[in-house]
Amino acid sequence: QQLAIAHPPVIYSDDTIEYVEKLCQTAELIISSNTMFISGHTLSVCLERRGIYRFICEAIYSDILGVAKPNAKMYRKSDYHIGDNLVTDGIGASNAGSTPIIINSNNKTIADAYNIIVQGR
């Protein structure tokens with residue numbers, strides 16, 4: 001836990017905070033994470049230090065809930081689910097009734113997700 005706080009996860013793209021803030025202005029942002037190596041509390045601290053947690057309305061962490069994605073309990077009913085894993089975020093979100101938008105593990109970024117959600121393209 002201390003190592004994760006001392007060396008928090010890297011943000012994928014330079015415009016991440018900008019687009020998370022823009023998304024926050026049009027929707028409630030919920031983080032859903034399989035917290036296998038660090039606790040949900042530690043992840044929240046890391047996101048706070050990166051300037052992202054202030055935009056999050058709710059946090060769903062597998063270590064607290066006792067299940068992991070793609071379990072439907074890890075998702076809230078929403079129109080979209082942004083994630084980086086085709087199975088846990090893609091299939092899991094679809095099964096939970098949300099439209100998945102996969103980014104970071106392909107050539108798409110949070111800006112692409114924003115364009116899909118807000119601008120419909």
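**Group meeting talk: from one loop to the core**

Let me begin in the loop between H4 and S3, since that is where proline 70 is found. What I am showing is a predicted model, and I will keep that in view as I go through the values. The peptide bond that leads from lysine 69 into proline 70 is cis, with an omega near 20°. Lysine 69 sits in that loop too, with helix H4 spanning 62–65 on one side and strand S3 spanning 80–83 on the other.

Is this lysine buried or exposed? Lysine 69 counts as buried, because its relative accessibility is 11% and the cut-off for buried is under 20%. Its side chain has a polar partner, making a contact of 2.8 Å with the side chain of aspartate 89. If we set aside residues up to four places away in sequence, lysine 69 touches Ser32, Ser33, Asn34, Met74, Tyr75, His81, Thr88 and Asp89.

Let me now step back to the whole chain. It holds six helices and four strands, and, read along the sequence, these follow the pattern α-α-β-α-β-α-β-α-β-α. The C-alpha trace spans about 40 × 30 × 25 Å along its principal axes. The radius of gyration is 14 Å, and this agrees with a value near 14 Å for a compact globule of 121 residues. Of those 121 residues, 37% are buried, while the accessible surface comes to about 7,300 Å², with 53% of it belonging to carbon and sulfur atoms. Among contacts between residues at least 6 apart in sequence, 49% join residues that are at least 24 apart.

That brings me to the interior. In soluble globular proteins, nonpolar side chains tend to be buried together. In this model the largest nonpolar core has 17 residues, and those touching the most other members are Val20, Leu29, Ile31, Leu47 and Ile110. At least two core residues come from each of helix H2 (16–24), strand S1 (29–33), helix H3 (40–49), strand S2 (56–61) and helix H6 (110–119). Which element gives the most to this core? That is H6, with four residues.

Two of these core residues deserve a word of their own. Valine 20, leaving aside its neighbours within four places in sequence, is in contact with Leu29, Ile52, Phe55 and Ile110. Isoleucine 110 lies in helix H6 and counts as buried, at 9% relative accessibility. Outside the four places on either side of it, isoleucine 110 touches Ser13, Asp15, Thr16, Tyr19, Val20, Leu23, Ile82 and Ile103. As a point of reference for distances across the model, isoleucine 110 and arginine 49 are 61 residues apart in sequence and 19 Å apart in space, C-alpha to C-alpha.

Now to the helices that these residues belong to. In H6 the buried residues are Ile110, Ala111, Ala113, Tyr114 and Asn115, and they pack against H2, S3 and strand S4 (99–102). Just after H6, glycine 120 takes a positive phi of about 70°. H3 can be described in a similar way: Gly40, Thr42, Leu43, Ser44, Cys46 and Leu47 are buried there, and the buried residues of H3 pack against helix H1 (2–6), S1, S2 and H4. Just after H3, glycine 51 also has a positive phi, of about 85°.

A positive phi turns up in asparagine 104 as well, near 70°, and here the residue is other than glycine. Asparagine 104 lies in the loop between S4 and H6, and it counts as partly exposed, at 24% relative accessibility.

I will finish with the cysteines, since people at the bench usually ask about them. How many disulfides does the structure hold? There are zero. Cysteine 57 is in no disulfide, and the nearest cysteine sulfur, which belongs to cysteine 24, is 5.6 Å away; a pair would have to be within 2.5 Å to count. Cysteine 57 is partly exposed, at 48% relative accessibility, whereas cysteine 46 counts as buried, at 1%.

Key: Residues numbered from 1 in each chain as written. Predicted model: local features only at pLDDT ≥ 70, side-chain atom pairs only at ≥ 80, totals over all residues. Heavy atoms only, no water. Core = buried A, V, L, I, M, F, W, Y, C linked by side-chain atoms within 4.5 Å. Buried < 20%, exposed > 50% of the residue type's maximum accessible area, 1.4 Å probe, protein only. Contact = heavy atoms within 4.5 Å. Polar contact = N/O pair within 3.5 Å; in protein donor to acceptor, adjacent residues only side chain to side chain. Rg over C-alpha atoms; globule rule 2.2 N^0.38 Å. Areas by Shrake-Rupley, 256 points an atom, 1.4 Å probe, with all protein chains shown as cover.
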